[in-house]
Amino acid sequence: MIRTFAAIDLPEEIKADLAFVIADLSRKNDRVRWVKPAGMHLTLKFLGDIPEQVVVPLSAELGAVARDFAPLSLAVEGLGAFPNPRRPRVVWAGLSGDLEPLRKLASRVDKACASFGIKPEKRPFQAHITIGRLKIPTVVDLNKELRKKGFSATEIVLYQSELLPSGARYTVLNRSILGYKGE
């Protein structure tokens, strides 16, 4: 079994901007475990543990989903926390832009995964980029301006996630290009 998730990669420029924001926020919030830029992504679906033999057929299914969607125009905008800033477990950067197509993409990815026995998501999709986590909820100071910066989401990436003492390590298992019809 391998631990997996489907996501949209972020351009290096977006990761660098978020790293700058995290550097500032970390001075005010020492209890937050901040995400390293290499680990930043936009999760479409956390699959959990799946059998390795499912990777190839699931990748083909994600490719079929990706073909039905054009690249998405998104922008990083705003900061927040789940479930709320007074008792956060997750600190996130928000998104704007093609959010309705993004929500539909996440829903189709969820349905594709369900056909492989992966439990469907119960919560509604909320577009965000996780930038920090807290084991023990405590008030966080998110008073930092996040400069709005756009990017194009062009592919669905299926990742393997290995939890290590140094943090999670992500390995690309498959990339499915949005709108790619083949030749």
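This report describes the open and enclosed spaces of a predicted model.

**The largest pocket**

The largest pocket holds about 1,400 Å³ of space. Its lining is made up of 36 residues, and those that lie nearest the centre are His-41, Thr-43, His-128, Thr-130 and Arg-133.

Several elements contribute to this lining. At least two residues each are supplied by strand 1 (2-9), strand 2 (33-34), strand 3 (41-50), strand 6 (128-133), strand 8 (155-164) and strand 9 (167-177), and also by helix 3 (99-114). Strand 3 gives the most, with 5 residues. In chemical character, the lining of the largest pocket comprises 16 nonpolar, 10 polar and 10 charged residues.

**The largest cavity**

The model contains 1 cavity of 30 Å³ or more. The volume of the largest cavity is about 30 Å³. Ile-14, Asp-17, Leu-18, Val-76, Leu-146, Arg-147 and Lys-149 form its lining. Helix 1 (residues 12-28) provides the largest share of that lining, namely 3 residues. Nonpolar residues number 4 in the lining of the largest cavity and charged residues 3, while no polar residue takes part.

**Summary of the two spaces**

The table sets out the volume and lining of each space.

| Space | Volume | Residues of the lining by class |
|---|---|---|
| Largest pocket | about 1,400 Å³ | 16 nonpolar, 10 polar, 10 charged |
| Largest cavity | about 30 Å³ | 4 nonpolar, no polar, 3 charged |

Definitions and conventions: Residues are numbered from 1 along each chain as its sequence is written. This is a predicted model: local features need pLDDT of at least 70, side-chain atom pairs count only at pLDDT 80 or more; totals for chains, interfaces and linings use all residues. Side-chain values use heavy atoms; hydrogens and water are left out. On a 1 Å grid over the protein atoms alone, a cavity is a set of points where a 1.4 Å probe fits but cannot get out, and a pocket is an open set with protein on both sides within 12 Å along at least five of seven lines; lining residues have an atom within 4 Å of a point. Grid points are joined across faces, edges and corners, and a volume is the space filled by probe spheres set on the points. Helices (H or I, at least four residues) and strands (E, at least two) are DSSP runs, numbered from the N terminus. Ala, Val, Leu, Ile, Met, Phe, Trp, Tyr, Cys and Pro count as nonpolar, Asp, Glu, Lys and Arg as charged, and the others, Gly among them, as polar.
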